[in-house]
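This report covers strand pairing, a charged surface patch and backbone geometry in one protein model. Please refer to the sequence and structure shown here.

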Amino acid sequence: MKNRLKAFWTLLGLSILQMQSFAQTPDFTGTWVLNLAKSQLEHKPDGLTSSVFVIKQEGDKFKLTRYHIFGDKKKKISFKMTADGKTRPVKILFKGKLENKENSLLATLWGKNFSNIVNYKNGDTQNEFIADEVFTGLPQNHHNIWVFDREVEDYFK
């Protein structure tokens, strides 16, 4: 009887550990370079030649720095969020929340005249990253699917 009970508790413990590892959100840390050929952009900023996302993620802390590149000029925006589903100020002008979803992070940002919902997830491999974005507001509503490839070397060196 003791052996059966010991085996049961061992199997139960292993099952719980396995469920916890499956429930964890992937770590998207890395430098991601836009793959225009794979992306589906309803609204591509005029003159955009590339885009780079630099993501640092530690547990529920998520920092994204986005560079839109227009020839030799870069436009940068950074923001930090915590993946706990709580609404917080993001930058000075808008609010947002970040939620863990199954195998993804869902970022919702909004302000007086806009909302932007982005689902961040891996693509077919761990070296492909997708930002599935639905923007409502000015200059126009759009649904963009940004596909990025992991950059092995530092893109900005």
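## Strand pairing

Strand β9 (residues 114–122) and β10 pair in the antiparallel sense over nine bridges; strands here are DSSP runs of E with at least two residues, numbered from the N terminus, and two strands pair if DSSP finds at least two bridges between them. The model is a predicted one, in which local features need pLDDT of at least 70, side-chain atom pairs count only at pLDDT 80 or more, and totals for chains, interfaces and linings use all residues. Residues are numbered from 1 along each chain as its sequence is written, and side-chain values use heavy atoms, with hydrogens and water left out.

Five residues make up the hairpin connection from β9 to β10. Across this pair, K121 is opposite I130 in β10. On β10 there is also antiparallel pairing with strand β11 (residues 142–151), over eight bridges. Four residues separate β10 and β11, which form a hairpin, and F135 is opposite H142 in β11.

Strand β10 (residues 128–137) is mostly covered, with seven of its ten residues buried. Buried means under 20% relative accessible area, exposed over 50%, and partly exposed in between (1.4 Å probe, protein chains only).

## Positive patch

A surface patch of positive charge brings together K56, K63, K74, K76, K80 and K91. Patch members have over 30% relative accessible area and no salt bridge, and like charges are joined within 9 Å. A salt bridge is a side-chain nitrogen of Lys or Arg within 4 Å of a carboxyl oxygen of Asp or Glu. Lys and Arg count as positive, whereas His and the chain ends are not counted; the place of a Lys charge is taken as NZ. Areas come from the Shrake-Rupley method with a 1.4 Å probe.

Strand β5 (residues 73–82) supplies the largest share of the patch, three residues. K76 is located in β5 and counts as exposed because its relative accessibility is 57%.

## Positive phi values

K91, a member of the positive patch, has a positive phi near 60 degrees and is not a glycine. N103, also not a glycine, has a positive phi of about 65 degrees.

| Residue | Phi | Loop | Relative accessibility |
|---|---|---|---|
| K91 | near 60 degrees | between β6 (88–90) and β7 (94–101) | 47%, partly exposed |
| N103 | about 65 degrees | between β7 and β8 (104–111) | 43%, partly exposed |

Technical notes
Patches are made of residues with over 30% relative accessible area and no salt bridge: like charges are joined within 9 Å, nonpolar side chains (Val, Leu, Ile, Met, Phe, Trp, Tyr) within 5 Å.
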